Amino acid sequence: MATLSATQPYIPTRSARARYLENVYFQDGVVLTCVLTALLYLILATSLDAAGYVENISLLVPVTLGALALGMLMSFSRFDGFFALSHSMFTGLAWILYLMSGQVTTEEIAPFISNGIPEVQATAYFVLLRWLNWIDAAINNVASNDNYIFVFEMCFLLWWLTYLGVWSILRYGYTWRAIIPAGIVLLVNTYYAPEPILGFLVVFCLVAMLLFVRTNLAEQQLRWREQRIHFSPDVTFDFLRNGLAYSVVVVALAWIIPGLGRSMEVRTVLDPINQQWEETSQRMNRLYQGLNRQTRPTASSFGRTLSLGGARNVGDGLIFQVSAPRGRYWRAVVYDTYTGRQWLSTDEEEQNFDENETIATAAWQLREPLTQTVTLLAPSSGMIFAAPDIVSVNLPIAAGLRPLPETTDVGEPAFEVTTARSRQGLEANDSYTVVSAQTMITERALKEASTEYPEAIRQQYLQLPDNFSQRVAADAVAVTADRATTYDKVRAIETYLRQFTYNDDIAAPPPDRDPVEYFLYDIKEGYCDYYATSMVVMLRSLGIPSRTVSGYAEGRYDEESRLYYITERDAHTWVEVYFPSYGWIEFEPTAGETQLNRPSGADASESSISPESLDPGASSAFPEDPFLEDQMSQFPGAPLPEDETFTLEDAAELTTDNWWFWVLVTPIVLGAGLWFIRRSQVSGPDGFDPEHPPIFYERLQRWAARLGLSGPASHTPYEQAQHLSRALPEGRAPITNITEHYVRYRFSRRPLPVAIAATPVPPAPMTETISESSNGTLTQEWQLLEPLLWKSWLRKFAGMRPRSKDSRFALTKGEKPKDFIPTDDESARE
């Protein structure tokens, strides 16, 4: 057996576990921290799998397991950050491609194999080809229903979230930076998932809270051991209790804060963001047409663009109900410009209107006022739905206006509303009332209408793409060859298009194929967007001003309640044609919708228009009914008698007052709570004299840890202060003074009186000169030091320098190693 020479020094060996633990930030509870981190990201992966976007996305779990394994191995290894991140990029990409290669079927790569290409190489070519097709669709702004790319992107996102999260927690101790991105992804997934996955979010919050508790406790345990403070192993339960209390506060705030969205001022600030988000959502829907979508009702999916894409995903959920004497269309957005693949709404002006403020509409002939009360039955983005043309709304609105080459009844310039949004927010069960000038036109009037179109109308509504199909233009001429009047030509094209088969489930047109030709000559079937687009471009090629309009069809009318019920499936696009003196008149080319049949106007008995109906002051309400009160109590969407009506204005005023009360009170309560906490930390309650030295020294230690400047556990308080002062030379004096008071308080044989502990003391021989402030209190010293610490932290945070655990254990110049045995004098000094 080998013997140890007397001349050789004894070097203690370290276990393999100790060597690996040196590279991770947390020294306590490492196993539990790893388990909680793994659970956190597995919950995220499982929630994405259970969301049901595509049929098979189960490979997210093995992707997450691979990222967890690699992240933990790299965190415990001695590799630096650059190598670990670059290695994880290539490893993750290889792992994802390997897993996804199992999703490629033999039939899909059969063309490659038939050309003599090996199977592995054929799989790679197939993946590359699908990527190129998707990129081409994104560049050309066309729809794509390739779910393979979506799955790949989700895997790559989850890999990086998991790997960076594990690396941040174990190597640098950044728990917040790991959990917040994962939590955001889970929140977005919970909101948009086709299947309900709220349970995953609840479990995620619980695991995240436990992870915060465990990592924070590990920080505290290290500090307690350095300061030789005894603590019970059961302290974990106390941390959990405090974490639960904090969760209750967060849930309470979650109930209060969403109500701020009802404030008109808040809505005004958020409106541009909401509109940008809707446009982004529409673009994402075009790029991922093949995904399953949530069937949750949504009151508005209308934006400033309308693309001709693939299958239309709609459900049967109720959107809103309308109380009105009659109804046909509930308009949302008007589109005027066609690019060849999508429609654009190019409003020239947006103007705010107060509640019940009259809009300067044109004095069109054969119009009748129509009052309609809309009650929302689903969440809303604030879009106003109403019969055209909107004259006034009993809500403050922001309306997109377009000038008209006509005047009002009093000779002023006229405008039309192309889209309108509520400025105070709308939620489910909210109601609003709109007055519209609805057309009551007859066939005779339309046949006799002039064809002298104003120049502004011609320039805006005869626009066609530069590469417009000559084949479509020729067909438009052929269909209307034997028709004399403009109305007859419009009806001829309308009838021609209604012969095509209606189908919601169609594939998107290829990138190199004109959508109208694709609809008319290739598949010969489609839904309302294709019908309306085809009709408008054919009419424009004949010199007839026309446009597409989106909103909702009339829905289902209930005779008993006298209400129109509108569902998601009633979302619709139709055509409006301009007739001088009469304005924009609706036409219905879609085969799946009821055809518009207007009175012929041959004699007065066939027309529903009477002189009284043209009077703007005439009432458009229902006839009085002795049983109205009983009926209205059964159908809350209908108007109540005047003496029992609780108007929307009253509800809005009451709600606004309540929420403004919370807006004012909440900051005051939070500020008072923060002040009380700070007062208890610094001054304590009345009649209680705090021990200043340990309080301020503990704060100093926390700041040192936050700045990554904590010294080794073997350092004395003086050495700790010297280490911090070298990094923060401008704070040397207050740091030394606070440390000196703490040493005297902690290690002196006789405890310092409170009056003495709060005043400067003579410096020790090894310390720097203590500052002599005017009052000389530790509180003043801390007030001088705290701004310097904040500035240093902001500089560190702006530079994004990682907090290194090695800084706590690095040996500075003149520092003794951990196994150094001090002399008696040095032991006495420490």
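How many residues apart in helix H15 are Glu 494 and Arg 491? The views below, taken from a predicted model, begin with this pair.

**View 1. A salt bridge within helix H15 joins Glu 494 and Arg 491.** The two residues are three residues apart in the helix, which spans residues 486–497, so about one helical turn separates them. Their side chains meet at 2.8 Å, N to O. Both Glu 494 and Arg 491 are buried.

**View 2. Arg 130 and Glu 108 form a salt bridge.** The N to O distance is 3.8 Å. Arg 130 belongs to helix H6 (residues 119–139), while Glu 108 sits in the loop between helix H4 (81–101) and helix H5 (110–114), so the pair ties together parts 22 residues apart in sequence. Arg 130 is buried because its relative accessible area is 17%, under the 20% cut-off. Glu 108, at 31%, is partly exposed.

**View 3. Arg 556 pairs with Asp 558 in a salt bridge.** Here the side chains meet at 3.9 Å, N to O. Arg 556 is partly exposed, with a relative accessible area of 48%.

**View 4. Salt bridges with shared partners form one network.** The network joins Arg 331, Arg 367, Asp 389, Glu 416, Arg 547 and Glu 576. The structure holds 22 salt bridges.

**View 5. A nonpolar patch lies on the surface.** Trp 176, Ile 180, Ile 184, Val 188, Tyr 191 and Tyr 192 make this patch of about 620 Å². Tyr 192 is found in helix H8, residues 175–192. With a relative accessible area of 31%, Tyr 192 is partly exposed.

Conventions:
Residues numbered from 1 in each chain as written. Predicted model: local features only at pLDDT ≥ 70, side-chain atom pairs only at ≥ 80, totals over all residues. Heavy atoms only, no water. Patch = residues over 30% accessible without salt bridge, like charges linked within 9 Å, V, L, I, M, F, W, Y side chains within 5 Å. Areas by Shrake-Rupley, 256 points an atom, 1.4 Å probe, with all protein chains shown as cover. Salt bridge = Lys/Arg side-chain N within 4 Å of Asp/Glu carboxyl O. Helix = DSSP H or I, 4+ residues; strand = E, 2+ residues; numbered from the N terminus. Buried < 20%, exposed > 50% of the residue type's maximum accessible area, 1.4 Å probe, protein only.
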